[in-house]
Amino acid sequence: MDFHPVERASEAFQQSLTAEEIAQVCRRAFGGDAALVSAVELGTGMYNNVYRITLVHRVRPVILRVAPPEGRQFRSERHLMRNEFASLPWLAVIAPLMPRVIAADWSHEVIDRDWMVQTLLDGIAAPEHLGTYPRTAWPAFFRQMGAIARSVHDVWGPHFGPVGGPGYATWSGAVIASLEEIAADLEGAGLDAADVRKVVAVAAHERAVLDEVTEPRLLTGDLWTVNALMDPAAPEPVISGVLDFDRTWFGDPAADWTIRMAMAKADEREAFWESYGVLGRSPAAVWRARVYEARHLGAIRLERHRLAKADAVHESYGAMAEVLAGLT
């Protein structure tokens, strides 16, 4: 087998499988006689290890995604791959854009990590391809993103919180639990989480405002340009696929990462709202948005720490201070 792992330091969060481990996974997924031509690790993911696998008996390559070892997973990011798998029946509204799961294994019998094999989607990553079009064409891309987000947010769920659980009867319960997990993870990593703890206290005191949200809607969790593929032959921007729904939630659509990114700048992304629709901006909705931003910033701080980006970790404290000033 032609094997090309990504070289990383021994202390890096992501650690590649060996060639033999990949072969064992493929024998489990495709049978004992599965013969591999190549395994190329793709360095685009920041959480799971991702490989493009070519097998002798399959015309098209497949994608192997491997979760971090359980001991390396933060509480707020525990079993993300299992959460994505549990989300698939709820994401049927965008199934034509998503990869199909060929095999998934949480048993840890083959390797001591969760893993999933999926079909390979055609297309080029949007951050690489969108810029090949003139900026005047970019609104078409964001208009499609808005339509995708709208279709997902229109799905109702049975509880608040992560799709795969734990579920909560109230939106405040889900939000506060998430903030507490993020704070505990930051503290466990040796980082100051006092600002996140302050957000928890404010949210708990004003939980009635959060609980004005009574409909648990499906949230994409992480959908934006980095998780979109584009048709390379289309004369204008066309989203041909969407990936990585491991952070799906049931809750307030305004809390979704997609909404945060759509509101981040007044540029071509304003076309997002043409297909998505109007987002409520009542005083209560504005207050809740600040809580959601605090949660995003806490998760970003944790991710930046995991990626050893000390300067970005430091910057998150100033951003959080601004959010806190608007909450209290």
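## Notebook: aromatic pairs, a pocket and Asn49

I looked up Phe142 and Trp224 at the start, and both are buried. The model I am working from is predicted.

**Entry 1, the tilted pair.** I checked where these two residues sit. Phe142 belongs to helix α4 (residues 138-153), while Trp224 lies in the loop between β9 (217-219) and β10 (228-230). They are 82 residues apart, and I noted the pair as a link between distant parts of the chain. The ring centres of Phe142 and Trp224 are 5.6 Å apart with the planes at 35°. I recorded the pair as tilted, because an angle that is neither under 30 degrees nor over 60 falls in that class. I then looked for other rings around it and found one aromatic cluster made up of Phe141, Phe142, Trp224, Phe272, Trp273 and Tyr276.

**Entry 2, the edge-to-face pair.** I looked up the total for the structure, which is 12 aromatic pairs. One of them is Trp90 with Phe250, at 5.2 Å centre to centre and 80° between the planes, and I logged this pair as edge-to-face. Trp90 is in the loop between α2 (80-87) and β5 (101-105), and Phe250 is in strand β12 (residues 249-251), so the pair ties together parts that are 160 residues apart in sequence. I compared burial for the two partners. Phe250 is buried at 0% relative accessibility, whereas Trp90 is partly exposed at 30% relative accessible area.

**Entry 3, the second largest pocket.** I read off a volume of about 630 Å³ for the second largest pocket. Its lining has 28 residues, and those closest to the centre are Ala254, Ile259, Leu279, Ala289 and Tyr292. Two elements, α8 (257-262) and α10 (283-306), give two or more residues each to this lining. I noted α10 as the source of the largest share, with 8 residues. I also sorted the lining of the second largest pocket by class and got 14 nonpolar, 10 charged and 4 polar residues.

**Entry 4, Asn49.** I asked myself whether Asn49 is buried or exposed. Its relative accessible area is 1%, so I put Asn49 down as buried, the cut-off being under 20%. Asn49 lies in strand β3 (residues 49-55). I followed its side chain to the backbone oxygen of Gln15, which Asn49 reaches at 3.5 Å. Leaving out residues up to four places away in sequence, I listed what Asn49 touches: Arg8, Gln14, Gln15, Ser16, Glu41, Leu64, Arg65, Val66 and Arg113. Gln15 is therefore on my list both as a contact of Asn49 and as the partner of its side chain.

Methods
Residues numbered from 1 in each chain as written. Predicted model: local features only at pLDDT ≥ 70, side-chain atom pairs only at ≥ 80, totals over all residues. Heavy atoms only, no water. Helix = DSSP H or I, 4+ residues; strand = E, 2+ residues; numbered from the N terminus. Buried < 20%, exposed > 50% of the residue type's maximum accessible area, 1.4 Å probe, protein only. Polar contact = N/O pair within 3.5 Å; in protein donor to acceptor, adjacent residues only side chain to side chain. Contact = heavy atoms within 4.5 Å. 1 Å grid on protein atoms, 1.4 Å probe; cavity = no way out; pocket = protein on both sides within 12 Å on 5 of 7 lines; lining within 4 Å. Points joined across faces, edges and corners; volume = space filled by probe spheres on them. Nonpolar A, V, L, I, M, F, W, Y, C, P; charged D, E, K, R; others polar. Phe/Tyr/Trp six-rings, centres within 6.5 Å; stacked < 30°, edge-to-face > 60°.
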